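Open the model in your viewer and keep the selection panel at hand. This tour says what to select at each stop and what is there.

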Amino acid sequence: MRRNAETLYGRKYNFKAFSSPNEYIKSHPLTNYAHFEPYIDMIDNGQENVLSSQKVVFFAMTSGTTGRNKRLPILEDYKGRFFFDAACYYFYKGVDYWNMLALKRVIYVRGSSPPADRKQGLPRGSISNYLGASYPFTTTPLSAQLGHIKERETMYIHAVFGAREREVNVVDTFMASMGYTFFKVLEEDWKQICDDIEKGQIDPSLSIDDSIRSDLNQRLSPDPQRAMELRAEFSKGFEGIVSRIWPLVERIGCIRSGSHMNYAKLLEEKYAKGLPIRNSLYLASEGMIGFSMSADDSYVMLPQWNFYEFIPAENCKEEQPDTLLMHQVVKGRDYELVLTNMRGMYRYRLGDIVRVVDFFYQCPVIDIQYRLGQMLNIKNEKTPESVFYDAIIRAEATWEGIKLIDYTATESVVLERMLGKI
């Protein structure tokens, strides 16, 4: 509050008057993206000192899973803080961070960035691509990570540059669903991928900008020997393909909870057979939230990144419900997360419902349950996706010769029509 007291926003809400968290909570309303959008427009038009006293250098674009894409400001110190904390995390876990990463390559699979339909303003894209562009050990060139390319073409480029490398020790796909898409593209297009690696040239029919194609072709040197090795393995099928073409890979890194559980199951059963699937961090476009300290899907919250508040799940429909702080939450209860951070998001309702499953010293350990916008609602029953997924998995166990790949759901009144109620 002190650091941003002289910003446009800080003066409007009188940050100088806040001397305690309770005063801040009583004086400042809970917010959503619509509250900040006019200020973000100012930043995008070149105005400084709006939400934060630090310089905004990038807009993290949300995926739009519960609505349209949002622009969220990234400050110039964000990368440095992220990599420092990541190094501390791996050191605590007993992993030699730099040896693990710098001496081997990482296949860092990320989706395409949302198109920048603008004439001016700051650069923008997904937060994962923004961070991944700074990794010197990733296989995919920077032009493909930050270029505005369609999803299928992006996965194809990841597959070409990933497959040509032998010494890979991590495949990081951010989300299990993205990992499944990546390996599906590899399986479907492996013949053309091998041709590209052999010739050192990206498929001429691939729909990408000429500038991106030129950069990729300069970085893709011909490797007939690697192409021959890959053809031999791919022709045998794709079960356990990760360990067969990248024998040094130790794990698959991706989010595997919530709506990604089925994709993680598919990865484990086929492409990544025999390898652990783990996610190290809980990272949203809105901010870094937690690190995983165990083999399950739970995360220790990071108080150095955000000031957290918690709305009991039963009160989420209220516009301005009372909130709890980190020391007040109860193990086994569900809460909506509220963030305040240096990036200029103040009492921001994230929309993620998490469950407190434990405590690491005094920090809550949380498990992601669902997004507020991802609920089934026919008769105001508010069924979360986790309940729907459990029901589908139980149903799948009774099906013969049928395998669940993906699912979708929408409200239906067919049963009511059959019963003559409407």
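**Stop 1: an exposed turn**

Select Gln-362: at a relative accessible area of 71%, this residue is exposed (exposed is over 50%, buried under 20%, partly exposed in between; 1.4 Å probe, protein chains only). Gln-362 sits in the loop between strand 13 (348–360) and strand 14 (363–371). Helices (H or I, at least four residues) and strands (E, at least two) are DSSP runs, numbered from the N terminus. Now add Met-326. Its C-alpha atom is 8.3 Å from that of Gln-362, with the two positions 36 residues apart along the chain.

A note on the model: it is predicted, so to speak of local features pLDDT of at least 70 is needed, side-chain atom pairs count only at pLDDT 80 or more, and totals for chains, interfaces and linings use all residues. Residues are numbered from 1 along each chain as its sequence is written, and side-chain values use heavy atoms, with hydrogens and water left out.

Select Tyr-361 in the loop between strand 13 and strand 14. Tyr-361 is not a glycine, yet its phi is positive, about 55°. Tyr-361 counts as exposed, at 72% relative accessibility.

**Stop 2: two more loops**

Go to Asn-49, in the loop between helix 3 and strand 1 (56–61). Asn-49 also has a positive phi, about 60°, without being a glycine. Its relative accessible area is 34%, which makes Asn-49 partly exposed.

Then pick Pro-247, in the loop between helix 13 (241–245) and strand 6 (251–255). Pro-247 is exposed, at 60% relative accessibility. Measure C-alpha to C-alpha from Pro-247 to Asn-169: the distance is 8.0 Å, for 78 residues apart in sequence.

**Stop 3: the cores**

Select Leu-51, Tyr-282, Ile-289, Leu-337 and Ile-366. These have the most contacts inside the largest nonpolar core, which has 60 residues. Such a core is a set of buried Ala, Val, Leu, Ile, Met, Phe, Trp, Tyr and Cys residues joined through side-chain atoms within 4.5 Å. Helix 3 (residues 33–44) gives the largest share, five residues. Where does this core lie? It lies between domain 1 (77–279) and domain 2 (284–371), because both give residues to it. The domain bounds come from an automatic or database domain assignment.

Stay on Ile-289. Beyond its neighbours within four places in sequence, Ile-289 is in contact (heavy atoms within 4.5 Å) with residues including Val-300, Leu-302, Tyr-308 and Leu-350. For a second, separate core of 49 residues, select Phe-183, Ile-202, Leu-220 and Tyr-263, which are among its members.

**Stop 4: the spaces**

Two terms first. On a 1 Å grid over the protein atoms alone, a cavity is a set of points where a 1.4 Å probe fits but cannot get out; a pocket is an open set with protein on both sides within 12 Å along at least five of seven lines; lining residues have an atom within 4 Å of a point. Points are joined across faces, edges and corners, and a volume is the space filled by probe spheres set on them.

There are three cavities of 30 Å³ or more. The second largest has a volume of about 80 Å³. Select Gln-54, Asp-77, Arg-81, Trp-305 and Arg-343, all among its lining residues. Domain 1 (77–279) and domain 2 (284–371) each give at least three residues to this lining.

Finish at the second largest pocket, about 450 Å³. Of its 19 lining residues, Met-1, Arg-2, Phe-307, Thr-340 and Met-342 lie nearest its centre.
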